Amino acid sequence: MVTISTHSSWLSSAIALLCLFPILVKAVDKSVFKSCAESSFCKRNRHYADAIDRSQFWASPYEVQTSSLKYDIWTGKLEGNLIKNLPNGVQEQIIFPFELSFLVSGNARLKIDEERRMKQNISIPGFGNLNKQRYNQAAEWALASGAAQSMGENVTVHGLEDIQNGFAQTFEITYGPGGSKSVVMSMNPFKMDFRNQGESQVLLNSDGLINLEHWRPQPANDQLFDFQLNEMELNHDMWADQFKGFKDTKPRGPESIALDITFSGYSHVYGIPEHSDTLSLRQTRGGYGNHDEPYRLYNVDIFEYEPNSALPMYGAIPFMQAHKQESSAGVFWINAADTYIDIIKTAASNEDSFDITSASTRTHWMSEAGIIDLVVMMGDTPGSINKLYGDLTGFTTLPQLSAASYHQCRWNYNTQDDVLEVDENFDLNDIPYDVIWLDIEYTKDRSYFTWDPATFPNPELMMQKLDESKRKLTAIIDPHLKASSRVGSEIKAQGLAIHDKDRNPFLGQCWPGDSYWIDTTNVDARNYWANQYALGSEFAGNSTNLFIWNDMNEPSVFHGVETTINRDSIHIDGWENRDLHNLYGMSVVNGTYEGFIARDANSRPFILTRSFFAGSQRFGAAWTGDNVATWESLQIATPMLLTNGVAGMPFMGADVGGFFKNPTSELLARWYQSGTFYPFFRAHAHIDTKRREPFLVAEPYKSVIRDAIKLRYALLPSIYTAFYHASVDGSPIMMPVYYYTPKNERSFAIDDQFFVGNTGILAKPVVQQDVDSVEIYIPDDEVYYDYFNYHCYEGMGYHSLKVELDTIPLLSRGGHIYARRDRFRRSSELMKFDPFTLIVTLSKSGFAKGDLYIDDGNSFDHQSGDFIHYEFTFNSGFKKLMAVNQNKSNPDTHKFIDGMANVTIEKIIIVGDLTPTRSDSQVRVSQNTESWDASIVNKSLTSSAHVLVIKKPNVTIGTDWEIQV
Ligand code: NOJ
């Protein structure tokens with residue numbers, strides 16, 4: 001029996017809930033969030049774009065000052081000034097120094113700042129210690145160390161002298177391997193054209209929408225005409241604005257930056273999470289099926305969000321990928337301020353010398369503050385763009401194996417007995433799981449870094465018990481700290497909190513009531529935060545199986561403007577929250593990560609975050625926040641997770657079952673079947689919902705859920721291998737179909753099915769109620785086998801699959817080899833020495849390849865070579881299956897490799913057209929200079945593929961081997 005104890009803080013919980021979640025769930029209240037028209041800088045920039053669009057005689061006031069251009073061959077940097085000519089009457093030129101550099105990663109980077117603000121030569125009456133510069137540190141947070149290094153190698157500048165002598169208006173710089181990439185820069189108006197193999201890919205300012213709101217003194221009355229404005233600009237709320245009764249003081253005045261970026265010849269663009277929307281992004285200027293509002297990146301607490309929306313969400317990755325048959329491109333807009341992005345798709349136009357050949361996608365990026373800092377990436381395939389983006393911002397951290405397994409969460413497991421009872425019930429019901437979670441009620445009065453002694457009197461004992469089955473616990477720690485708690489008073493006293501505009505610690509409401517927010521953008525605060533996780537502390541005890549969940553880190557502020565903190569609140573060094581809002585959540589996790597490394601430098605941290613920014617993939621996982629137990633919510637989860645994978649942050653999940661409301665058993669079962677393939681696979685539920693742990697669900701649903709979780713564990717070796725790929729080259733783990741078939745346009749917008757890493761497993765989980773068939777799209781001419789019964793499907797196009805409640809539509813593409821572990825264990829670590837099964841699905845031409853990455857699943861020893869990485873190939877000409885360990889290093893530590901010496905491959909299943917040549921009953925196995933026979937069963941199944949099963953080949957894991965069939 002699961003006991004639910006009453007708890008004193010539940011009353012306050014209920015009161016807070018009533019304020020936050022008005023009785024039972026309705027849809028999100030969109031009016032809480034600013035539309036573009038309600039956001040003064042967005043309104044100004046959209047107005048500017050519209051005015052330019054309508055005007056026939058408009059000439060952009062931005063030109064390159066040719067005399068300022070300087071190229072340094074050693075660093076490969078071009079420097080110069082962009083000039084903004086103010087309208088007649090003002091007779092002033094505003095200088096924006098820019099820098100174009102070519103990075104070691106093969107990317108090109110453009111930075112544009114404002115001279116006057118750089119020199120801090122502006123006055124901000126009454127705000128003495130506010131930072132006067134434009135915020136220029138987003139890149140320091142987002143980029144992996146050393147990634148921004150530029151170089152002159154392979155970079156050649158053509159025609160710069162002609163520009164300087166006034167003979168030319170454009171010049172070209174070639175860069176990249178063999179000079180295959182180039183950028184053509186136009187002087188007046190300023191434009192840039194990035195080309196790959198001579199073909200335009202990414203155009204900057206081809207629509208002339210660049211708008212850099214320069215510093216100017218505040219006019220006596222904001223409503224008076226501002227003489228610094230040209231005729232296309234709007235004088236609107238430049239110095240203050242009001243929204244829902246909140247006043248935003250803007251002491252530095254207007255400072256937005258905007259630029260149009262056109263993906264030439266591309267009609268599909270992806271990325272810029274987080275939005276509850278399709279994988280291929282929609283247009284945003286109205287029309288059937290389009291949005292009326294730009295996609296917005298501004299981290300907010302958007303509970304009960306709805307599908308098909310451009311509204312801002314918890315995370316923000318300002319990275320967009322474009323893909324067409326011949327090539328792919330990407331743009332990373334390194335800015336952490338509130339950002340709106342308009343998307344318009346256009347048909348062909350050749351009017352411009354910047355030749356837009358076929359359908360193109362024009363995008364308009366508008367950020368409230370900061371500098372222009374962007375990186376352009378060009379490559380042949382979407383995967384090549386992931387690699388370039390990862391080289392820059394870092395790759396997904398390789399998680400502990402348990403973090404890639406199944407997680408059981410709810411708000412809340414109320415006592416330590418409750419936790420242990422849930423744990424036991426999983427075992428009694430033969431359902432594996434790895435991590436159990438504690439939401440906010442485990443704390444004493446919602447003061448983080450404490451345990452409520454009444455309900456969790458001995459957390460260490462609880463964790464020891466969990467450790468007996470190698471399970472872990474994740475506890476929530478939010479960045480709002482109860483004002484009267486130890487940590488609350490300490491951060492106040494030590495000046496480590498975010499401050500309000502009047503320089504008092506920002507005091508707001510969150511779960512604990514009155515709270516302060518730690519300013520983890522301040523290194524001292526980050527160190528303080530990191531220290532709270534130390535082993536031996538009152539909180540962590542000595543439990544190394546304790547992981548952390550940083551929630552509400554947008555930050556969420558109850559009754560706050562747009563659910564978050566005021567933009568004019570102040571962080572370290574006098575930066576406003578406006579400058580860095582979208583990276584705050586990442587800074588919290590960064591501190592937690594540092595705490596974990598300090599706790600044990602050779603144990604991989606596991607941290608879940610709700611808020612994220614570019615670079616967050618280096619620290620852990622994220623999830624899609626407070627979804628709802630509806631079929632629509634289940635459906636939209638897949639495109640959302642695919643989008644995060646495209647944007648370099650694939651370790652992502654959605655609350656299985658839906659956070660709000662009670663799912664029907666059917667919905668819950670179907671959600672588990674989808675969740676099996678979520679990179680982060682966690683069930684979670686709101687405090688008001690009924691208990692719904694898998695073992696409580698009635699049959700037949702319980703068995704369906706058990707099977708789905710068991711399938712995750714069976715496929716864990718392959719899913720972990722997909723994590724490995726993500727950690728070295730940025731490959732998505734749930735892989736969009738177009739990554740497999742980059743030349744098939746029909747696959748570009750498919751987002752209700754996906755591949756599992758590079759296994760060739762094509763999943764189309766059922767996300768509709770009460771269906772008896774699904775249409776699965778086969779995107780190429782390869783043969784596909786049903787994962788469970790090997791039935792063959794061939795022919796590009798849709799195929800109908802019959803489904804029962806217990807069916808997960810799953811096909812295996814011919815040409816792949818992947819690994820499974822088929823024995824049931826209670827948790828992933830207990831599977832450590834279990835044998836593997838290999839599945840070989842032959843392509844139509846009789847080939848297959850694949851790989852398997854294995855390491856100890858929790859330490860960093862793999863970084864010094866203690867891992868095994870098999871590459872498998874099967875060639876039906878030679879009828880030989882070969883396994884070659886790619887790790888030829890002589891590792892410093894062999895602990896893991898040595899421990900695998902007795903682990904075997906117990907079965908190999910070869911699916912496809914194959915007749916053994918040696919014998920019908922035996923294959924020849926060779927490993928480590930020895931050879932032996934193993935038996936085979938050779939079956940031809942009616943209406944299914946031919947299947948050959950090699951039983952107990954008994955090759956061991958570690959060294960190379962081969963099997964002759
Ligand atoms: C909001 C989170 O999104 C949700 O998952 C969590 O249960 C609640 N905060 C309470 O901590």
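In this predicted model, a polar side-chain atom of R610 sits 2.9 Å from an oxygen atom of the ligand. H684 also offers a polar side-chain atom to a ligand oxygen, at 2.9 Å. In the side chain of D439, an N or O atom is found 2.5 Å from an oxygen atom of the ligand. On its own, the ligand would expose 290 Å², and the protein buries 99% of that area.

It helps to step back and look at the whole shell. Around the ligand there are 13 residues, with D439, D551, R610, D626 and H684 being the closest. Sorted by type, the shell holds 8 nonpolar residues, 4 charged ones and 1 polar one.

Another arginine, R44, can be found in helix α2, which covers residues 40-54. Is R44 buried or exposed? Its relative accessible area is 4%, and because a residue under 20% counts as buried, R44 is buried. Apart from neighbours within four places in sequence, the residues in contact with R44 are E213, L234, H236, D237, M238 and P254.

Finally, the chain can be followed to a region named in a record. UniProt, in an unreviewed entry, lists residues 730-817 as "domain: Glycosyl hydrolase family 31 C-terminal". Within residues 730-817, strand accounts for 39% of the chain and helix for 5%. The C-alpha atoms at the two ends of this stretch are 21 Å apart.

Terms used: Residues are numbered from 1 along each chain as its sequence is written. This is a predicted model: local features need pLDDT of at least 70, side-chain atom pairs count only at pLDDT 80 or more; totals for chains, interfaces and linings use all residues. Side-chain values use heavy atoms; hydrogens and water are left out. UniProt positions are given in the numbering used here, feature names are shortened, and annotations may be inferred rather than shown by experiment. Helices (H or I, at least four residues) and strands (E, at least two) are DSSP runs, numbered from the N terminus. A residue is near a molecule or strand if one of its heavy atoms lies within 4 Å of it. A polar contact is a pair of N or O atoms within 3.5 Å; within protein, one must be able to donate a hydrogen and the other to accept it, and residues adjacent in sequence count only if both atoms are side-chain atoms. Accessible areas come from the Shrake-Rupley method with a 1.4 Å probe; for residues, only the protein chains shown count as cover. Ala, Val, Leu, Ile, Met, Phe, Trp, Tyr, Cys and Pro count as nonpolar, Asp, Glu, Lys and Arg as charged, and the others, Gly among them, as polar. Buried means under 20% relative accessible area, exposed over 50%, partly exposed in between (1.4 Å probe, protein chains only). Contact means heavy atoms within 4.5 Å.
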